[in-house]
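The following exercises examine the fold of one protein chain. Each task is followed by a worked solution.

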Amino acid sequence: MMENINEIPKDEGIDHSFALLKEGYEYILNRRKNFQSNIFETRILGRKAICIGGKEAAQLFYDDTKFERQDAAPNRVIETLFGKNAVQTLDGKAHLHRKRMFLDIMSKEKINEFLDIVKIEWEKALDEWSRKSEIVFYEEVKALLCKASFKWIGYPVHEDNAERLMNELGAMFETPVAFGPQHWMGRMKRNQMEKKMTELVERIRSGEVQVQPDSILHQFVFYKEMDGNLLDAETAAVEIINVLRPVVAISIYINFIVMALAQFPHERAKLKQHPDYAILFVQEVRRFYPFFPFVLAKVKKDFTWNNFVFQKGTLVLLDIYGTNHDPDLWEHPDEFRPERFANWQDDHFSLIPQGGGISETTHRCPGEKLTIEMMKFALDYLLNKMDYEVPEQDMYIAMNTIPSIPKSKVVLTNVKRVRESLH
């Protein structure tokens, strides 16, 4: 007996790319609410696409027997965010083998090394901030993390080059969905950095430039694919950038921490009184504020899920923001409630700001642990080690601005170091 086949609700119209740009993070969630369904069909950039959301949908999406990433992401995302032949575009054994290179540098020891470097950079920056009447915090943290990330991989950059490198890395995650000059500027910035990093890879391999054998840079430059051959220099450069770029992008989350402390001032007392509350606060920041809107994959082979047919080659979008705000998963999802994580058991598919599943075996971001630890570090400084004022400003986040950087980029005034009392 054949199972009943349900028709997927359809967003009628020729193409919905403009609606996606207009509604941004809420495009999929709005239609899930309207259709009262966690699945619907649409057309994006002239291509049929199925949008899904929720825990069960996330479990489906990260089943690599049903989905693949190759040729799923639009070229504009490849040319700005990921880079050609990047780990994010691989599937199967090739993906797991390449990803191991990233997972190896996310050990507790390596993350602590990074935080030690960040502490030095933050202390230096704090001296500079205290001499200024105001700072644009987002830009300052981007610069700080850029310098720290290059030191961490084993290739410290000269202070004179830091701002240029920060702008190149920032453009990669600030422009993937932009149109016109802004997007082409992002492509140009990536091309500039890829060219420099490719030359660096070649110079290290030739012995012209020496780096420490135990450094992250050395590991990536001499990484071998499954066939035993070195990555071509261009792809090695792309993957080195895929370490640097996401680290600098943590500046967006750190901005959210400042915003949360300003918008929900009652949380300060809880954080001061209960040190263990910090991780609850960080997780709620990651859930509450918009980071990635959705992730993409392509149907690997025909299959049926919940009596809905998925045809080979169809583009599928998993609603990241909507899943993190799904009322079936989160009580009062539009309220900021860190306490919700007090007795929370991670199932890998409910809280998915950086993807779902298990990092070691799926396309979930391998840098999630580093992100969380960096956010905890920043929270400690913002709460206990520096004083500052948040003047009146426009911190509104437009939900159609991806990534979600507030209009003011968070301006701080009267920044001062808190002197530790001697006992």
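Two strands are said to pair if DSSP finds at least two bridges between them. Helices (H or I, at least four residues) and strands (E, at least two) are DSSP runs, numbered from the N terminus. The model is predicted, so local features need pLDDT of at least 70 and side-chain atom pairs count only at pLDDT 80 or more, while totals for chains, interfaces and linings use all residues. Residues are numbered from 1 along each chain as its sequence is written, and side-chain values use heavy atoms, with hydrogens and water left out.

**Exercise 1.** Describe the hairpin of β1 and β2.

*Solution.* Begin with the pairing: β1 and β2 run antiparallel and are joined by six bridges. Next, locate a facing pair: I44 is opposite R47 in β2. Finally, inspect the turn: two residues lie between the strands, and L45 has a positive phi near 50 degrees.

**Exercise 2.** Determine the strand order of the open sheet of five strands, and identify its edges.

*Solution.* Step 1: the order is β1-β2-β8-β5-β3, with mixed pairing. Step 2: β1 (39–44) and β3 (67–68) each have a single partner strand, so one side of each lacks a neighbour in the sheet. Step 3: β2 and β8 pair in the parallel sense over four bridges, and C51 has L317 in β8 as its bridge partner. Step 4: β5 (residues 294–299) and β8 (residues 315–319) are antiparallel, with five bridges between them; here A297 is partnered by V316 in β8.

**Exercise 3.** Which strands does helix α2 lie across?

*Solution.* Helix α2 (residues 27–35) lies across β1, β2 (47–52), β5 and β8. Its direction is at about 135 degrees to β1, where axes are lines fitted to C-alpha atoms, for helices over the stretch in contact (heavy atoms within 4.5 Å), and angles run from 0 to 180 degrees between N-to-C directions.

**Exercise 4.** Compare the span of helix α6 with the expected value, and list its buried residues.

*Solution.* First, α6 (residues 108–130) contains 23 residues and reaches 32 Å from its first C-alpha to its last, close to the expected 33 Å. The expected span is 1.5 Å times one less than the number of residues. Second, buried means under 20% relative accessible area (1.4 Å probe, protein chains only). The buried residues of α6 are K110, I111, F114, L115, I117, V118, E121, W122, A125, L126 and W129.

**Exercise 5.** How many helices and strands does the chain have, and what share of its residues is buried?

*Solution.* The chain has 15 helices and ten strands. Of its 423 residues, 54% are buried.

Terms used. Buried means under 20% relative accessible area, exposed over 50%, partly exposed in between (1.4 Å probe, protein chains only).
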